[in-house]
Amino acid sequence: MDQSLANGARRATIERNTNETRIRVAINLDGTGVYDVRTGVGFLDHMLEQLSRHSLMDLTVVAEGDLHIDFHHTTEDSGIAIGQALNKALGDRKGIQRYGHSYLPMDEALTRVALDFSNRPFLIWKVEFTRDKIGDMDTELFREWFQAFAVAAGVTLHVENLYGENNHHIVESCYKALARAVRAAIEIDPRKRDAIPSTKGTLGGSL
C-alpha cells in the first residue's frame, strides 16, 4: 500500500506527459476545497475549480497542452489525470460510502448526477447544448472530459441535465453535481471503516 494511504492520508500526485500534453495533478480527498488550476483553457479552469470547491477535495492541476491546435487534448488529458489521481488516492476503497448522487440547481438549469466507485468505469451522458461554444471552448469537449474522468477514476457515472436554457448554467451544474456526488461517495462510513463496500470483498468485476 502507498505509505500515504497507510498513514490515513488520502493524497496522490500524478504526472502525465505525452507529445500532446504535460499535466501534473495533486489531490487531497480530505481537504477543504483549495485549488490551483492552470490548464490554459479559461472555462475549463473555472469548471475544475468548481469541482474542487464543492467536493472539498484540494486540487492542483498544471497543464501545458497543444492549444495552438485546439482544446481537445488538454481537456481530455486533464480528465484522465484527475481521474487517475482520485483513483490512486482512494487506494483499495476500503471504508468509503461508494455511492453518491446530487440534484444540482443553477438558476433555470437542473442536473442530476449519480455515481458508483465500483472500479467498473461507465458513462451515461444525457446533456445537450444549443451552442457550439461557451467562450472559446467547444461544448462537445465536456463529454470528452467526463468520459476520460470516469474511465480513469474507475467510476460508473450517470450525468443527466433534466432541463435548462443557458449553456453555461447547464455545464456548470454538471460539474457542481459531480463534485457533490463525489464528496458523498468518498466519505468514510464510520460503521464500516475497515470494510470494502462490496459483498465480494473487492471492487471491480461484475458485482
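This short talk goes through a core, a surface patch and three single residues of the structure above.

Please keep in mind that this is a predicted model, in which local features need pLDDT of at least 70 and side-chain atom pairs count only at pLDDT 80 or more, while totals for chains, interfaces and linings use all residues. Residues are numbered from 1 along each chain as its sequence is written, and side-chain values use heavy atoms, with hydrogens and water left out.

Let me begin with the interior. The largest nonpolar core, meaning a set of buried Ala, Val, Leu, Ile, Met, Phe, Trp, Tyr and Cys residues joined through side-chain atoms within 4.5 Å, has 56 residues, and those with the most contacts inside it are Leu115, Phe117, Trp145, Phe146 and Leu157. Helix 5, residues 167–186, gives the most to this core, with eleven residues; helices here are DSSP runs of H or I with at least four residues, and strands are runs of E with at least two, both numbered from the N terminus. If we leave aside residues up to four places away in sequence, Leu115 has contacts that include Tyr99, Val155, Leu157, Leu178 and Val182, where contact means heavy atoms within 4.5 Å.

Turning to Gln50, we find this residue in helix 2, which covers residues 42–55. Is Gln50 buried or exposed? Gln50 is buried, because its relative accessible area is 12% and the cut-off for buried is under 20%, with exposed being over 50% and partly exposed in between, for a 1.4 Å probe and protein chains only. Beyond four places in sequence, Gln50 touches Glu172, Lys176 and Ala179, and its C-alpha atom is separated by 8.9 Å from that of Gly33, 17 residues apart along the chain.

Next come two backbone cases. Most residues other than glycine have a negative phi. Arg93, however, has a positive phi of about 70°, and Asp107 has a positive phi of about 55°. Arg93 sits in the loop between helix 3 (72–90) and strand 5 (99–106), whereas Asp107 lies in the loop between strand 5 and strand 6 (109–116). Arg93 counts as buried, because its relative accessibility is 1%, while Asp107 is exposed, with a relative accessible area of 65%.

Finally, the surface. Tyr103, Leu162 and Tyr163 form a nonpolar patch there, with about 320 Å² of accessible area together. Of these, Tyr103 is found in strand 5, and Tyr103 counts as partly exposed, because its relative accessibility is 47%.

How values were computed. Patch = residues over 30% accessible without salt bridge, like charges linked within 9 Å, V, L, I, M, F, W, Y side chains within 5 Å. Areas by Shrake-Rupley, 256 points an atom, 1.4 Å probe, with all protein chains shown as cover. Salt bridge = Lys/Arg side-chain N within 4 Å of Asp/Glu carboxyl O.
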